[in-house]
Amino acid sequence: MSTLPVYRWRLAPDGYATRRQLRARNLRPGGQGVAAQLERPRRRRGPLVAYLYRVDLAKPVRPMTPARWAALAKANAARRVCPKCRRDAGYVVPSSLGMCVPCAYPEEQRAA
């Protein structure tokens, strides 16, 4: 098993990019493995690690099809439905509450 080359933060050679950098160029790793890694040292904890992929082996991002757009719209609509009252809240239900605001704080809604 070979080890990955490790570079210091901001000192990676040209031709390598992180997933976010690939996405900004409308590319994806495309099945290739991690080619190298970046390490950013920290004082009291282990280093931050970012994985790098080769840009020349990256493939274009797959376009969104109508079916994928529909599935995304359905998933986002489901995030707006309160699990307690089953109504569309008009916003994404906060995961910290697990329900819409009127269901989470009913006494404050009566006072208003």
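T18 counts as buried in this predicted model, because its relative accessibility is 15% and the cut-off for a buried residue is under 20%. The residue is located in the loop that links strand 2 (16-17) to helix 1 (19-24). Leaving aside residues up to four places away in sequence, T18 is in contact with A50, Y51 and L52.

These contacts lead on to strand 5, which covers residues 48-54. Strand 5 runs antiparallel to strand 4 (residues 36-40), and 5 bridges join the two. Among the residues involved, R40 has L48 of strand 5 as its bridge partner.

A wider view takes in the open sheet, which is built from 4 strands. Their order is 1-4-5-2, and the pairing is mixed. Strand 1 and strand 2 form the edges, each of them pairing on one side only.

Turning to the surface, L4, V34, V49 and Y51 together make a nonpolar patch of about 310 Å². Y51 is thus worth a second look: this residue belongs to the patch and is also one of the residues that T18 touches. Another member of the patch, L4, is found in the segment that precedes strand 1 (6-8). Is L4 buried, partly exposed or exposed? With a relative accessible area of 34%, L4 is partly exposed, because this value falls between the limits of 20% for buried and 50% for exposed residues.

Notes
Residues are numbered from 1 along each chain as its sequence is written. This is a predicted model: local features need pLDDT of at least 70, side-chain atom pairs count only at pLDDT 80 or more; totals for chains, interfaces and linings use all residues. Side-chain values use heavy atoms; hydrogens and water are left out. Patches are made of residues with over 30% relative accessible area and no salt bridge: like charges are joined within 9 Å, nonpolar side chains (Val, Leu, Ile, Met, Phe, Trp, Tyr) within 5 Å. Accessible areas come from the Shrake-Rupley method with a 1.4 Å probe; for residues, only the protein chains shown count as cover. A salt bridge is a side-chain nitrogen of Lys or Arg within 4 Å of a carboxyl oxygen of Asp or Glu. Buried means under 20% relative accessible area, exposed over 50%, partly exposed in between (1.4 Å probe, protein chains only). Contact means heavy atoms within 4.5 Å. Two strands pair if DSSP finds at least two bridges between them.
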